[in-house]
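Here's a quick walk through a single chain, written for someone who likes to check geometry for themselves. Have a look at the sequence and the coordinates before reading on.

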Amino acid sequence: LLALIGAIGFGSLGTWQVHRLHWKLDLIARVDSRVHADPVPAPGPADWPKINAADYEYMRVTLRGTFLNGDEAQVYTPTDWGPGYWVLTPLRRDDGTVVFVNRGLVPEAMKAPGTRPAPEGEQTVTGLLRISETRGWLFSQPNEPAKDKWHLRDVGAIAAARGLTDVAPYFVDQEMVSPEAWP
């Protein structure tokens, strides 16, 4: 009886692994085709309700606007060299809408905005569209908006804490501008 239960259990796990393999290979192919595609304009407010991970995540997009450097958020992430922070800066577009841009990673010593240059004036950003992170992994710490401590790239929560409106439900991982610059 135990051998039969074990065989059924292991057979189910094997079947699950094969299904997961095909799902993962499809995901890799989809992401690879989007990452290497020519950039398209970032979706505007009319498209926001239909944005989902399956159809939009990792799409290469471009957008233009002015960074709201004073509303930047630093999102904690562990790195090989210690604590690091994703620098999420809102970009106000000409139509008044806001898209958060992940400008890159900085070490803890450069977390404070005054320790690194901030882009001024109108900017053009090219990068990958990413879906807002509203929940983390099993052991992730929750965001603490009242303390301005962020562990998830949740653009809705960050925008609310900053008093920003007309914010896209996604963010853009900016392509590297210069390998020597932070972020």
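What follows goes from the overall fold down to individual side chains.

First, a caveat: this is a predicted model. The chain has three helices and seven strands, and reading along the sequence you get the pattern α-β-α-β-β-β-β-β-α-β. Along the principal axes, its C-alpha atoms fill a box of roughly 70 × 35 × 35 Å. Of the 183 residues, 37% are buried. Taking contacts between residues at least 6 apart in sequence, 61% join residues at least 24 apart.

Now for the nonpolar cores. In soluble globular proteins, nonpolar side chains tend to be buried together. Here the largest nonpolar core has 16 residues, and V61, L63, V99, V125, L129, Y170 and V172 touch the most other members. Strands β2 (60-67), β5 (98-107), β6 (122-131) and β7 (167-174) each supply at least two residues of that core. Apart from it lies another core, of 13 residues, which includes V155, I158, A159 and F171. L129 is worth a click: leaving out residues up to four places away in sequence, L129 touches P43, Y56, E57, Y58, M59, V61, Y170 and F171.

Next stop, the β3/β4 pair. Strand β3 (residues 73-79) is mostly covered, with five of its seven residues buried. Strands β3 and β4 (residues 82-92) run antiparallel and are joined by seven bridges, and a hairpin of two residues connects them. Across the pair, A73 stands opposite L88 in β4.

Q74 is also found in β3. Is Q74 buried or exposed? Its relative accessible area is 9%, and since the cut-off for buried is under 20%, Q74 counts as buried. The side chains of Q74 and E72 are joined by a polar contact of 2.7 Å. Not counting residues up to four places away in sequence, Q74 touches Y85, W86, K111, P113, R116 and W150.

Y85 turns up again in the aromatic tally, where the structure holds one aromatic pair. The rings of Y76 and Y85 have centres 5.8 Å apart and planes at 70°, so the pair is edge-to-face. As for burial, Y76 is partly exposed at 31% relative accessible area, whereas Y85 is buried at 9%. Elsewhere, a charge meets a ring: the charged end of R103 sits over the ring of F67, 5.7 Å from its centre.

Finally, some backbone oddities. Most residues other than glycine have a negative phi, and most peptide bonds are trans. Which way does phi go for Y58? It is positive, at about 70°, although Y58 is not a glycine. D148 is another non-glycine residue with a positive phi, near 55°. Y58 lies in the loop between α2 (53-56) and β2, while D148 is placed in the loop between β6 and α3 (155-162).

Here are the accessibility values for the residues discussed above.

| Residue | Relative accessible area | Status |
|---|---|---|
| Q74 | 9% | buried |
| Y85 | 9% | buried |
| Y58 | 26% | partly exposed |
| Y76 | 31% | partly exposed |
| D148 | 34% | partly exposed |

The positive-phi residues Y58 and D148 are both listed as partly exposed. Y58 also ties back to the core story, being one of the residues that L129 touches.

How values were computed. Residues numbered from 1 in each chain as written. Predicted model: local features only at pLDDT ≥ 70, side-chain atom pairs only at ≥ 80, totals over all residues. Heavy atoms only, no water. Buried < 20%, exposed > 50% of the residue type's maximum accessible area, 1.4 Å probe, protein only. Helix = DSSP H or I, 4+ residues; strand = E, 2+ residues; numbered from the N terminus. Pairing = 2+ DSSP bridges. Phe/Tyr/Trp six-rings, centres within 6.5 Å; stacked < 30°, edge-to-face > 60°. Lys NZ or Arg CZ within 6 Å of the ring centre and 35° of its normal. Polar contact = N/O pair within 3.5 Å; in protein donor to acceptor, adjacent residues only side chain to side chain. Contact = heavy atoms within 4.5 Å. Core = buried A, V, L, I, M, F, W, Y, C linked by side-chain atoms within 4.5 Å.
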